[in-house]
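Here's a quick briefing for anyone opening this structure for the first time. Have a look at it, then read on.

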Amino acid sequence: MLQDTRTMDKILMAAANENSVDTPIVPRELSWLSFNERVMQEASDPNTPIIERMRFLGIFSNNMDEFFRVRVAEVRRHILLPQMAHEPSEDLVDDETLMQDIQDKVVKLNKQFDKLYKQVSKELQQSNIYILPSHNDMSEDQSQWLKQYFRTSIRPFICPIIVHKDMDLGSRLSDDDFYLAAELELDGNTEHALIEVPTKEISRFILLPNNSRQQQFLLLDDAIKHCLHDIFGSVFEYDTIQAFSFKMTRDAELNLTDDIEQSVLDKMSKGLRRRLQAEPVRLVYDQDMPESILKMLTKRLKFSSHDSMIPSGPYRNFRDFIGFPNVGGVSLEHRKLPPVPSHAFDNNDNALDAIAKEDILLYYPYHSFGYFTELLRQAAFDPRVSKITINVYRVAKDSRVLHALCDAARNGKKVTVVVELQARFDEFNNIELSKQLEAAGIHVDFGIPTLKVHSKLCLIERREGNELKLYAHIGTGNFHEGNAKIYTDFSYFTAHPEITAEVAQVFEFIKYSYKPFDFKHLIVSPMNSRSSIAALIEEEIRQAQAGNPAYIHIKVNNLCDNHIAELLCRASQNGVEVRMVIRGMCSLQTDTKGMSDNIHVTSIVDRFLEHARVLVFGNQGDPKVFITSADLMKRNLDHRVEVGVPIYDKLLKRQILDIFKLQMSDNTKARIIDKKQSNPYIQPTTSKKVRSQIAIHQYLSRIEKEHRETDYD
């Protein structure tokens, strides 16, 4: 069945190529770096609260780590092992040239980052919050206090790695951590040692005692530098000692084997062990690091000319700054928005009864994720509920979702959880999660070995009289309580019999992928996503050619599928209005005369991470509206299990269209995605400023209030 689907998609792409418009493509890696530059813009925006600006620097750093582990690592594999690359490059650009362009852009961004960090730190001082630039800036009293604190609270977690001749240093280091490289010199002879900075055990930010109004922080790495003698003095003799920070990043590819005698869990465990031993792809180091230490690191870590070696400021793992503490007033960070109550759920004691009455749409984080966990909690002990099936990609620590599922199993419900073991960087967590679920009596499936299960589905079966009724959740985001507070995502709840039956078919497909399935409502990857989206675009092209109004509105995280990009350019050439909100990568080059004149793309980076995926097609004045778990990428359309659902309810459809309109009207946090990848802000054409994330909160609050007042009337 999968082979048939892929064959059909090849036919579709071949047909599209016959009408090819020579689509101008931006390499997705460079487009991604442009996205991360937009994140840095938030850190430089003086209208963003100062603590949030520091946290955006942490987000930038965390993003860059993942970029090297995934995107740069793949380009490197294409260069070194082109015959073993998993997929040919879609960017139609020479990989050696692309790697050089990446490195040039990264160096430029790192310089901007270091300059911006100094600027934000300086502006933070206006609120009496200081990050000391060096351990040498402490007072004598603070120095004595720190030495005592170091001995009792930091030193117990430190055990240096002594570098020996011919040591395979790469196998000893983790790319999840960062290190200080110490050099000890005695009578002209040197020893080298590495110190892992223990941020998992100790806060990165040490608040120093101080008699003034100033709140003074010293970073943990500087504290270790200040106390090097307390680490080495009892074992080594030396005349001088110095230490400089560095971070290594590995290739994140798992390379699962095809050994049929191995279980999926065994394959994943071995794959993770291989990742821990994978070759490094980036070395970021203190630009003041002496040549002798840098030479030792590059030799021991076996860096080649294809690897990125990036000099930078003195600090690594800025991702820790995502959690930079606010020790000042509430005005220094974003004011929390009160959750918007869901009238549909609140007006019913039983969540399933609420869904039986009407389709319900939630939009996180404006609505509370608690409505979903409450649905599961009630289903766990409802005697009429016989079965719960859900697929899990990422979940929160101590997840209420998982607690409810375990409670349901203890109450005798048949609970099946499809766990995606290949959820990038959550693989280990999901292996452990699977073991916990099985111990609770839950049946755990691991999906299809060749396809990631990325859909966001939950199906509940309840006996009502003599009938078994199905209730479904279809969403754009993971079942993760933490993410639901900072990611924008739609959750759609329905008892529509045909849609719920097709959700059941998706779970059947995950279990029996060789069986044929026919979806009339859902858009399901890898079954019909590519063909369905292509057909919807083609229909808008036909309408435009017939002289009718035609438009396509899209909101996704990434657009970097060449086939879809070509179709959108052809739509533009035929007069279809294409408006897109794309948070991250956009390979389609806009504002290219004669090719993409009618395509307008913006990107919104603000306090919440834009994560919802929406597809809207004009359909002669009766818009077809879909929410989906899939981005417009080859992997999502062809190599994952993804699910999109049409929104039939007129009120819910109107809400999604209104929300998209607000996002397209944003003139405060929206940037234009242009061919230069320069990220200019949209300039207001009127005196009215629109910040879509705030406007959406106000809109949903008003809609829910109107629903309540209508009921009271």
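Before we get to the pockets, one term: a pocket here is an open set of grid points with protein on both sides within 12 Å along at least five of seven lines, and its lining residues have an atom within 4 Å of a point. Keep in mind that this is a predicted model. The tour below takes in one pocket, two open sheets and a couple of buried residues.

**The second largest pocket**

- Let's start with the space itself: the second largest pocket holds about 680 Å³.
- Its lining is made up of 35 residues, and the ones that lie nearest the centre are Asp114, Gly313, Pro314, Tyr315 and Phe318.
- What kinds of residues are these? The lining of the second largest pocket splits into 14 nonpolar, 10 polar and 11 charged residues.
- Several elements chip in with at least two lining residues each: helices H3 (50-80), H4 (95-124) and H6 (220-226), along with strands S1 (129-131), S7 (240-250) and S8 (280-286).
- Which element gives the largest share of the lining? That's H4, with 7 residues.

**The sheet of 3 strands**

- One open sheet has 3 strands in the order S1-S6-S5, and its pairing is mixed.
- S1 and strand S5 (205-207) are the edge strands, so to speak, each pairing on one side only.
- On average, neighbouring strands of this sheet are turned by 30° against each other, direction ignored.
- Zoom in on S1 and strand S6 (residues 215-219) and you'll find 3 bridges, with the two strands paired in the parallel sense.
- Tyrosine 130, for instance, has glutamine 216 in S6 as its bridge partner.
- Helices sit against this sheet too: H4 lies across S1 and S6, and runs at about 145° to S1.
- Helix H5 (residues 140-154) also packs on the sheet, where it touches S5 and S6, and its direction makes about 125° with that of S5.

**The sheet of 6 strands**

- The other open sheet to look at has 6 strands, ordered S2-S4-S3-S7-S8-S9, again with mixed pairing.
- Strand S2 (161-162) and strand S9 (308-312) are its edge strands, and each of them pairs on one side only.
- How do strand S3 (residues 179-186) and S7 run, parallel or antiparallel? They're antiparallel, and 7 bridges join them.
- Within that stretch, leucine 184 stands opposite isoleucine 241 in S7.
- Helix H9 (residues 291-300) packs on this sheet and touches S3, strand S4 (189-196), S7, S8 and S9, with its direction at about 65° to that of S4.

**Two residues to click on**

- Leucine 33 is in helix H2 (residues 28-44), and it counts as buried because its relative accessible area is 0%.
- Who does leucine 33 touch, leaving aside its neighbours within four places in sequence? Its contacts are Met64, Phe67, Ile102, Lys105, Val106 and Leu109.
- Leucine 33 and lysine 105 are 72 residues apart along the chain, yet their C-alpha atoms are separated by 7.6 Å.
- Serine 61 belongs to helix H3, and with a relative accessible area of 12% it is buried as well.
- Not counting residues up to four places away in sequence, serine 61 touches Asn317, Phe318 and Arg319.
- Phe318 comes up twice, then: serine 61 touches it, and it is among the residues that lie nearest the centre of the second largest pocket.

Key
Residues are numbered from 1 along each chain as its sequence is written. This is a predicted model: local features need pLDDT of at least 70, side-chain atom pairs count only at pLDDT 80 or more; totals for chains, interfaces and linings use all residues. Side-chain values use heavy atoms; hydrogens and water are left out. On a 1 Å grid over the protein atoms alone, a cavity is a set of points where a 1.4 Å probe fits but cannot get out, and a pocket is an open set with protein on both sides within 12 Å along at least five of seven lines; lining residues have an atom within 4 Å of a point. Grid points are joined across faces, edges and corners, and a volume is the space filled by probe spheres set on the points. Helices (H or I, at least four residues) and strands (E, at least two) are DSSP runs, numbered from the N terminus. Ala, Val, Leu, Ile, Met, Phe, Trp, Tyr, Cys and Pro count as nonpolar, Asp, Glu, Lys and Arg as charged, and the others, Gly among them, as polar. Two strands pair if DSSP finds at least two bridges between them. Axes are lines fitted to C-alpha atoms, for helices over the stretch in contact, and angles run from 0 to 180 degrees between N-to-C directions. Contact means heavy atoms within 4.5 Å. Buried means under 20% relative accessible area, exposed over 50%, partly exposed in between (1.4 Å probe, protein chains only).
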